[in-house]
Amino acid sequence: MYARRVGEQEVTFDFAEGLLQNNLLFVDRETSSIWSQLHGQAVSGPLEGTPLQVVASMQTTWKFWRQLHPDTRVVTVEGEEGRPYFYRNRTPGTRPPKKRSTTHDTSVLGLGLVVGGHAIYFPFRELERATTPLTLKLGGEQVTIHYRQSALTAWAEDAEGNLLPGVLAYEQGWRDFNPGSETYRAATVSR
Amino acid sequence: MQNQTQSRFSLYAFLAVAVLAVAAISTWVLPRLLTGKQGAAPTEESAAPAGTRTVKGRVQTRPGGPLEEAEINVHEVPVDLPSVGAAEASLEEYELVLGVVVEGQAMAYPIRYLALHEVVNNRVGETPLAPTW
(Lines give C-alpha, C1' and ligand atoms only; values in the text may rest on other atoms or scores of the structure.)
Protein backbone atom coordinates (compact mmCIF):
# COMPACT_ATOMS: atom_id res chain seq x y z
CA MET A 1 0.00 0.00 0.00
CA TYR A 2 1.43 3.35 -0.99
CA ALA A 3 0.54 6.97 -0.42
CA ARG A 4 0.08 8.62 -3.81
CA ARG A 5 2.42 11.50 -3.16
CA VAL A 6 5.74 12.66 -4.50
CA GLY A 7 6.73 15.21 -1.89
CA GLU A 8 3.49 17.18 -1.58
CA GLN A 9 2.41 16.48 -5.17
CA GLU A 10 -0.42 13.98 -5.56
CA VAL A 11 0.01 11.40 -8.34
CA THR A 12 -2.44 9.02 -10.00
CA PHE A 13 -1.37 5.53 -11.02
CA ASP A 14 -2.46 3.33 -13.90
CA PHE A 15 -1.68 -0.31 -14.57
CA ALA A 16 1.09 -1.07 -17.10
CA GLU A 17 1.36 -4.25 -19.15
CA GLY A 18 4.98 -4.90 -18.23
CA LEU A 19 6.92 -6.58 -15.45
CA LEU A 20 10.17 -6.15 -13.59
CA GLN A 21 11.52 -9.29 -11.93
CA ASN A 22 8.11 -10.82 -12.65
CA ASN A 23 6.38 -8.18 -10.60
CA LEU A 24 3.91 -5.43 -11.32
CA LEU A 25 4.58 -2.05 -12.84
CA PHE A 26 2.43 1.04 -12.85
CA VAL A 27 2.67 4.42 -14.53
CA ASP A 28 1.68 7.82 -13.16
CA ARG A 29 -0.53 10.07 -15.23
CA GLU A 30 1.37 13.21 -14.30
CA THR A 31 4.83 12.31 -15.66
CA SER A 32 4.42 8.84 -17.28
CA SER A 33 7.22 7.51 -15.08
CA ILE A 34 7.25 3.74 -14.58
CA TRP A 35 7.06 2.51 -10.96
CA SER A 36 7.93 -0.92 -9.58
CA GLN A 37 5.50 -2.24 -6.97
CA LEU A 38 7.95 -4.36 -4.99
CA HIS A 39 10.97 -2.11 -5.51
CA GLY A 40 8.81 0.72 -4.15
CA GLN A 41 10.23 3.37 -6.47
CA ALA A 42 10.13 4.78 -9.98
CA VAL A 43 12.43 2.78 -12.27
CA SER A 44 12.30 5.00 -15.34
CA GLY A 45 11.02 8.33 -16.57
CA PRO A 46 11.28 11.84 -15.10
CA LEU A 47 10.80 10.55 -11.54
CA GLU A 48 13.29 7.67 -11.81
CA GLY A 49 14.71 6.79 -8.38
CA THR A 50 11.91 8.51 -6.45
CA PRO A 51 10.72 6.25 -3.64
CA LEU A 52 7.07 5.50 -3.03
CA GLN A 53 5.73 6.42 0.39
CA VAL A 54 4.78 3.15 2.07
CA VAL A 55 1.68 2.86 4.22
CA ALA A 56 1.40 -0.16 6.53
CA SER A 57 -1.45 -2.48 5.59
CA MET A 58 -2.68 -5.96 6.41
CA GLN A 59 -3.96 -8.68 4.10
CA THR A 60 -6.44 -10.93 5.83
CA THR A 61 -9.96 -12.34 5.69
CA TRP A 62 -12.91 -9.97 5.70
CA LYS A 63 -14.17 -11.66 8.89
CA PHE A 64 -10.96 -10.95 10.82
CA TRP A 65 -10.55 -7.39 9.52
CA ARG A 66 -14.10 -6.60 10.61
CA GLN A 67 -13.40 -8.06 14.07
CA LEU A 68 -10.34 -5.84 14.41
CA HIS A 69 -12.09 -2.75 13.05
CA PRO A 70 -15.89 -2.92 13.42
CA ASP A 71 -16.16 0.64 12.13
CA THR A 72 -14.28 -0.12 8.92
CA ARG A 73 -15.52 1.12 5.59
CA VAL A 74 -15.23 -1.00 2.46
CA VAL A 75 -14.33 0.20 -0.99
CA THR A 76 -16.66 -0.77 -3.81
CA VAL A 77 -16.24 -0.69 -7.57
CA GLU A 78 -19.47 0.38 -9.19
CA GLY A 79 -20.81 -1.98 -11.80
CA GLU A 80 -18.16 -4.64 -11.18
CA GLU A 81 -18.67 -7.61 -8.88
CA GLY A 82 -15.22 -9.07 -9.22
CA ARG A 83 -14.54 -12.64 -8.09
CA PRO A 84 -13.89 -13.26 -4.38
CA TYR A 85 -10.37 -14.49 -3.62
CA PHE A 86 -9.82 -17.20 -1.05
CA TYR A 87 -7.00 -19.25 0.32
CA ARG A 88 -7.87 -22.81 -0.55
CA ASN A 89 -5.45 -24.40 1.85
CA ARG A 90 -6.28 -23.08 5.29
CA THR A 91 -3.62 -25.11 7.09
CA PRO A 92 -0.19 -23.79 6.11
CA GLY A 93 2.49 -26.38 5.74
CA THR A 94 0.14 -29.14 4.67
CA ARG A 95 -0.06 -30.43 1.15
CA PRO A 96 -2.60 -28.50 -0.91
CA PRO A 97 -5.43 -30.39 -2.59
CA LYS A 98 -4.46 -32.05 -5.85
CA LYS A 99 -7.44 -30.76 -7.74
CA ARG A 100 -6.48 -27.63 -9.68
CA SER A 101 -8.01 -24.54 -8.25
CA THR A 102 -8.06 -20.85 -9.03
CA THR A 103 -7.70 -19.97 -5.35
CA HIS A 104 -4.43 -19.46 -3.58
CA ASP A 105 -2.22 -21.83 -1.69
CA THR A 106 -0.90 -20.96 1.76
CA SER A 107 1.66 -23.75 2.02
CA VAL A 108 4.39 -21.49 0.59
CA LEU A 109 3.04 -18.17 1.86
CA GLY A 110 4.72 -16.01 4.46
CA LEU A 111 5.27 -12.52 5.84
CA GLY A 112 8.12 -10.51 4.37
CA LEU A 113 9.51 -7.63 6.37
CA VAL A 114 12.34 -5.11 6.08
CA VAL A 115 13.21 -3.33 9.31
CA GLY A 116 16.21 -1.04 9.65
CA GLY A 117 17.63 -2.41 6.40
CA HIS A 118 17.30 -5.99 7.64
CA ALA A 119 15.11 -8.24 5.45
CA ILE A 120 13.49 -11.34 6.90
CA TYR A 121 10.83 -13.77 5.73
CA PHE A 122 8.50 -15.61 8.11
CA PRO A 123 7.01 -18.67 6.36
CA PHE A 124 3.53 -19.51 7.62
CA ARG A 125 4.65 -23.12 8.11
CA GLU A 126 7.31 -21.89 10.58
CA LEU A 127 4.90 -19.55 12.36
CA GLU A 128 2.58 -22.58 12.77
CA ARG A 129 5.32 -24.25 14.81
CA ALA A 130 6.36 -21.17 16.76
CA THR A 131 4.77 -19.57 19.79
CA THR A 132 3.22 -16.30 18.69
CA PRO A 133 3.16 -13.41 19.29
CA LEU A 134 6.88 -13.65 18.75
CA THR A 135 9.09 -10.75 19.82
CA LEU A 136 12.56 -10.31 18.40
CA LYS A 137 15.15 -7.68 17.54
CA LEU A 138 15.44 -6.78 13.89
CA GLY A 139 17.76 -4.12 12.57
CA GLY A 140 18.21 -2.92 16.16
CA GLU A 141 14.46 -2.51 16.72
CA GLN A 142 12.02 -4.58 18.72
CA VAL A 143 9.45 -6.21 16.48
CA THR A 144 6.52 -8.44 17.43
CA ILE A 145 5.21 -10.93 14.87
CA HIS A 146 1.55 -11.91 15.12
CA TYR A 147 0.03 -14.89 13.31
CA ARG A 148 -3.58 -15.97 12.97
CA GLN A 149 -4.04 -19.27 11.17
CA SER A 150 -7.84 -18.90 11.09
CA ALA A 151 -7.49 -15.52 9.39
CA LEU A 152 -4.62 -16.67 7.17
CA THR A 153 -2.57 -13.67 8.10
CA ALA A 154 0.56 -12.54 9.85
CA TRP A 155 1.63 -9.03 10.66
CA ALA A 156 4.36 -7.15 12.50
CA GLU A 157 4.16 -4.39 15.08
CA ASP A 158 6.81 -2.11 16.52
CA ALA A 159 7.49 -1.61 20.24
CA GLU A 160 4.60 0.89 20.43
CA GLY A 161 2.11 -1.50 18.85
CA ASN A 162 2.04 0.30 15.49
CA LEU A 163 1.58 -1.85 12.39
CA LEU A 164 4.79 -2.16 10.38
CA PRO A 165 4.75 -2.37 6.57
CA GLY A 166 5.03 -6.03 5.70
CA VAL A 167 3.85 -8.05 2.75
CA LEU A 168 2.32 -11.50 2.45
CA ALA A 169 4.27 -13.08 -0.37
CA TYR A 170 5.28 -16.41 -1.79
CA GLU A 171 8.82 -17.24 -0.70
CA GLN A 172 10.39 -17.26 -4.14
CA GLY A 173 8.80 -13.94 -5.04
CA TRP A 174 10.13 -12.42 -1.81
CA ARG A 175 13.63 -13.73 -2.57
CA ASP A 176 13.52 -12.30 -6.10
CA PHE A 177 13.39 -8.84 -4.54
CA ASN A 178 15.31 -9.52 -1.35
CA PRO A 179 18.03 -12.02 -2.31
CA GLY A 180 19.92 -11.57 0.96
CA SER A 181 16.86 -12.04 3.14
CA GLU A 182 17.04 -14.15 6.25
CA THR A 183 14.37 -16.85 6.73
CA TYR A 184 12.87 -17.38 10.15
CA ARG A 185 12.93 -20.93 11.49
CA ALA A 186 10.97 -21.90 14.57
CA ALA A 187 13.16 -23.46 17.26
CA THR A 188 12.87 -27.22 17.35
CA VAL A 189 12.29 -28.86 20.71
CA SER A 190 14.39 -31.97 21.26
CA ARG A 191 12.48 -34.88 22.73
CA MET B 1 2.42 -65.99 -32.11
CA GLN B 2 3.07 -65.36 -28.44
CA ASN B 3 6.09 -63.21 -29.25
CA GLN B 4 3.97 -61.12 -31.60
CA THR B 5 1.35 -60.63 -28.90
CA GLN B 6 3.99 -59.66 -26.39
CA SER B 7 5.49 -57.16 -28.82
CA ARG B 8 2.11 -55.66 -29.56
CA PHE B 9 1.34 -55.37 -25.86
CA SER B 10 4.68 -53.65 -25.29
CA LEU B 11 3.95 -51.25 -28.12
CA TYR B 12 0.51 -50.39 -26.73
CA ALA B 13 1.96 -49.94 -23.26
CA PHE B 14 4.65 -47.63 -24.63
CA LEU B 15 2.10 -45.59 -26.58
CA ALA B 16 -0.15 -45.29 -23.55
CA VAL B 17 2.75 -44.06 -21.40
CA ALA B 18 3.80 -41.63 -24.14
CA VAL B 19 0.29 -40.18 -24.42
CA LEU B 20 0.05 -39.80 -20.66
CA ALA B 21 3.47 -38.12 -20.54
CA VAL B 22 2.52 -35.62 -23.24
CA ALA B 23 -0.76 -34.88 -21.48
CA ALA B 24 1.02 -34.39 -18.16
CA ILE B 25 3.67 -32.13 -19.66
CA SER B 26 1.19 -29.93 -21.48
CA THR B 27 -1.28 -29.56 -18.63
CA TRP B 28 0.98 -29.54 -15.58
CA VAL B 29 4.65 -29.02 -16.27
CA LEU B 30 4.54 -26.39 -19.02
CA PRO B 31 2.12 -24.02 -17.26
CA ARG B 32 4.36 -24.03 -14.19
CA LEU B 33 7.45 -23.35 -16.26
CA LEU B 34 5.79 -20.59 -18.22
CA THR B 35 4.03 -18.67 -15.45
CA GLY B 36 7.29 -17.81 -13.71
CA LYS B 37 7.40 -16.53 -10.16
CA GLN B 38 5.27 -13.79 -8.73
CA GLY B 39 6.01 -11.93 -5.61
CA ALA B 40 2.36 -11.48 -4.75
CA ALA B 41 -0.50 -13.56 -6.08
CA PRO B 42 -0.92 -14.46 -9.72
CA THR B 43 -2.15 -11.76 -11.98
CA GLU B 44 -5.45 -12.19 -13.73
CA GLU B 45 -6.05 -11.22 -17.34
CA SER B 46 -8.54 -8.36 -17.45
CA ALA B 47 -10.19 -6.83 -20.48
CA ALA B 48 -8.55 -3.52 -21.42
CA PRO B 49 -10.85 -0.80 -20.13
CA ALA B 50 -11.52 2.33 -22.09
CA GLY B 51 -8.63 4.79 -21.98
CA THR B 52 -5.42 3.01 -22.95
CA ARG B 53 -2.16 4.78 -23.74
CA THR B 54 1.42 3.50 -24.13
CA VAL B 55 4.73 4.23 -22.47
CA LYS B 56 8.29 3.19 -23.39
CA GLY B 57 10.63 1.50 -20.97
CA ARG B 58 13.03 -1.34 -20.35
CA VAL B 59 10.77 -4.07 -18.96
CA GLN B 60 9.78 -7.71 -19.20
CA THR B 61 6.88 -8.10 -21.59
CA ARG B 62 5.94 -11.51 -20.21
CA PRO B 63 6.50 -13.45 -16.95
CA GLY B 64 9.98 -14.97 -16.92
CA GLY B 65 10.91 -13.05 -20.06
CA PRO B 66 14.06 -10.98 -20.64
CA LEU B 67 14.36 -7.23 -20.07
CA GLU B 68 13.85 -5.39 -23.35
CA GLU B 69 13.10 -1.93 -24.65
CA ALA B 70 9.37 -2.02 -25.28
CA GLU B 71 6.34 0.16 -25.72
CA ILE B 72 3.77 -1.17 -23.26
CA ASN B 73 0.06 -0.54 -22.88
CA VAL B 74 -1.08 1.45 -19.88
CA HIS B 75 -4.65 0.89 -18.69
CA GLU B 76 -6.54 3.55 -16.79
CA VAL B 77 -7.78 2.33 -13.44
CA PRO B 78 -10.47 3.78 -11.17
CA VAL B 79 -9.87 6.89 -9.10
CA ASP B 80 -11.62 7.91 -5.88
CA LEU B 81 -13.68 4.77 -5.40
CA PRO B 82 -16.85 4.98 -3.32
CA SER B 83 -17.04 3.11 -0.04
CA VAL B 84 -19.78 1.68 2.16
CA GLY B 85 -20.05 0.82 5.84
CA ALA B 86 -19.20 -2.69 7.00
CA ALA B 87 -22.86 -3.64 7.42
CA GLU B 88 -23.63 -2.75 3.81
CA ALA B 89 -20.69 -4.65 2.32
CA SER B 90 -21.64 -7.93 0.64
CA LEU B 91 -18.39 -9.80 1.12
CA GLU B 92 -17.90 -13.43 2.05
CA GLU B 93 -16.39 -14.11 5.47
CA TYR B 94 -13.18 -15.76 4.28
CA GLU B 95 -12.52 -13.76 1.17
CA LEU B 96 -9.37 -11.68 1.22
CA VAL B 97 -9.17 -7.96 1.83
CA LEU B 98 -6.31 -5.51 2.14
CA GLY B 99 -6.90 -3.37 5.21
CA VAL B 100 -5.43 -0.04 6.25
CA VAL B 101 -6.00 2.50 9.02
CA VAL B 102 -5.27 6.07 7.99
CA GLU B 103 -6.19 9.21 9.92
CA GLY B 104 -8.04 6.95 12.36
CA GLN B 105 -10.33 5.52 9.68
CA ALA B 106 -10.13 1.82 8.78
CA MET B 107 -10.68 0.98 5.12
CA ALA B 108 -10.86 -2.45 3.51
CA TYR B 109 -10.04 -3.08 -0.13
CA PRO B 110 -11.51 -6.40 -1.28
CA ILE B 111 -8.92 -8.31 -3.28
CA ARG B 112 -11.70 -9.17 -5.75
CA TYR B 113 -11.55 -5.53 -6.93
CA LEU B 114 -7.79 -5.08 -6.69
CA ALA B 115 -7.34 -8.20 -8.81
CA LEU B 116 -9.42 -6.60 -11.57
CA HIS B 117 -7.03 -3.67 -11.89
CA GLU B 118 -3.84 -4.57 -9.97
CA VAL B 119 -3.75 -1.01 -8.61
CA VAL B 120 -6.49 1.49 -7.86
CA ASN B 121 -6.47 5.10 -6.71
CA ASN B 122 -8.35 5.95 -3.57
CA ARG B 123 -8.41 8.40 -0.69
CA VAL B 124 -8.95 7.99 3.04
CA GLY B 125 -9.55 11.34 4.67
CA GLU B 126 -7.00 13.64 3.08
CA THR B 127 -4.52 10.87 2.26
CA PRO B 128 -4.41 9.66 -1.33
CA LEU B 129 -3.65 5.92 -1.42
CA ALA B 130 -2.75 3.31 -4.00
CA PRO B 131 -3.54 -0.19 -2.78
CA THR B 132 -1.86 -2.74 -4.99
CA TRP B 133 -1.93 -6.48 -5.15
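The legends below describe close-up views of a predicted model with a chain A and a chain B.

**View 1. Confidence of the predicted model, with attention to chain B.** The model as a whole scores ipTM 0.86 and pTM 0.76. Chain B has a mean pLDDT of 80, and 81% of its residues reach 70 or more. Within chain B, confidence is highest in β5(B), at 96, and lowest in helix α1 of chain B, which covers residues 2-35 and has a mean of 75. Along residues 35-49 of chain B the pLDDT stays under 50, and for this stretch the model has 34 contacts beyond four places in sequence.

**View 2. Chain A and its elements.** Chain A contains three helices and 17 strands, and 40% of its 191 residues are buried. Among the contacts in chain A with a separation of 6 or more, 38% are made by residues 24 or more positions apart.

**View 3. The contact between chain A and chain B.** How many residues does each chain bring to the contact? Chain B brings 64 residues, and chain A brings 60 residues. On the side of chain B that touches chain A, at least two residues each come from β1 (52-60), β2 (67-75), β3 (83-85), β4 (96-102), β5 (105-110), α2 (111-117) and β7 (127-130) of chain B. Of this side, β4(B) gives the largest share, with seven residues. Sorted by class, the side of chain B that touches chain A holds 38 nonpolar residues, 18 polar residues and eight charged residues.

**View 4. An open sheet built with strands from both chains.** Five strands lie in the order β9(A)-β4(B)-β5(B)-β10(A)-β3(B), forming an open sheet in which the pairing is mixed. The edge strands, each of which pairs on one side only, are β9 (58-61) of chain A and β3 of chain B. From one strand to the next, the twist averages 35 degrees. At one edge, β9(A) and β4(B) pair in the antiparallel sense through four bridges, and here Q59(A) stands opposite L98(B) of β4(B). Strand β10 of chain A, residues 73-75, is joined to β3(B) by three bridges, and these two strands run antiparallel. In this pairing, V75(A) has S83(B) of β3(B) as its bridge partner.

**View 5. The hairpin of β1(B) and β2(B), and the strand of chain A that joins it.** Nine bridges hold β1(B) and β2(B) in an antiparallel pairing, in which K56(B) has E71(B) of β2(B) as its bridge partner. The two strands form a hairpin with six residues between them, and G64(B), which lies in the turn, has a positive phi of about 80 degrees. Strand β4 of chain A, residues 13-20, also runs antiparallel to β2(B), and two bridges join them. At this junction, A16(A) stands opposite V74(B) of β2(B).

**View 6. The hairpin of β6(B) and β7(B), and a short partner from chain A.** Strand β6 of chain B, residues 122-124, pairs with β7(B) in the antiparallel sense over three bridges, and R123(B) stands opposite P128(B) of β7(B). Two residues lie between the strands of this hairpin, and G125(B) in the turn has a positive phi of about 65 degrees. From chain A, strand β1 (residues 2-3) pairs with β7(B) in the antiparallel sense over two bridges. Y2(A) has A130(B) of β7(B) as its bridge partner.

**View 7. The nonpolar cores.** The largest nonpolar core has 45 residues, and those with the most contacts inside it are A16(A), L25(A), F26(A), V97(B), A108(B) and Y109(B). With five residues, β4(A) gives the most to this core. Leaving aside residues up to four places away in sequence, L25(A) touches A16(A), G18(A), L19(A), L20(A), I34(A), W35(A) and S36(A), as well as V59(B) from the other chain. A second core, separate from this one, has 24 residues, including L138(A), Y147(A), A154(A) and F177(A).

**View 8. H117(B) in its surroundings.** This histidine is found in helix α2 of chain B. Is H117(B) buried or exposed? H117(B) counts as buried because it has 25 C-beta neighbours inside 10 Å, where 20 or more are needed. From H117(B) to A18(B) the distance is 41 Å, C-alpha to C-alpha, and the two residues are 99 residues apart in sequence.

Definitions and conventions: Residues numbered from 1 in each chain as written. Chains lettered and ligands numbered in written order. Predicted model: local features only at pLDDT ≥ 70, side-chain atom pairs only at ≥ 80, totals over all residues. Contact = placed C-beta atoms within 7 Å. Nonpolar A, V, L, I, M, F, W, Y, C, P; charged D, E, K, R; others polar. Pairing = 2+ DSSP bridges. Buried ≥ 20, exposed ≤ 12 C-beta atoms within 10 Å, placed from the backbone. Axes fitted to C-alpha atoms, helices over the stretch in contact; angles between N-to-C directions. pLDDT = per-residue confidence, 0-100. Core = buried A, V, L, I, M, F, W, Y, C linked by C-beta atoms within 7 Å.
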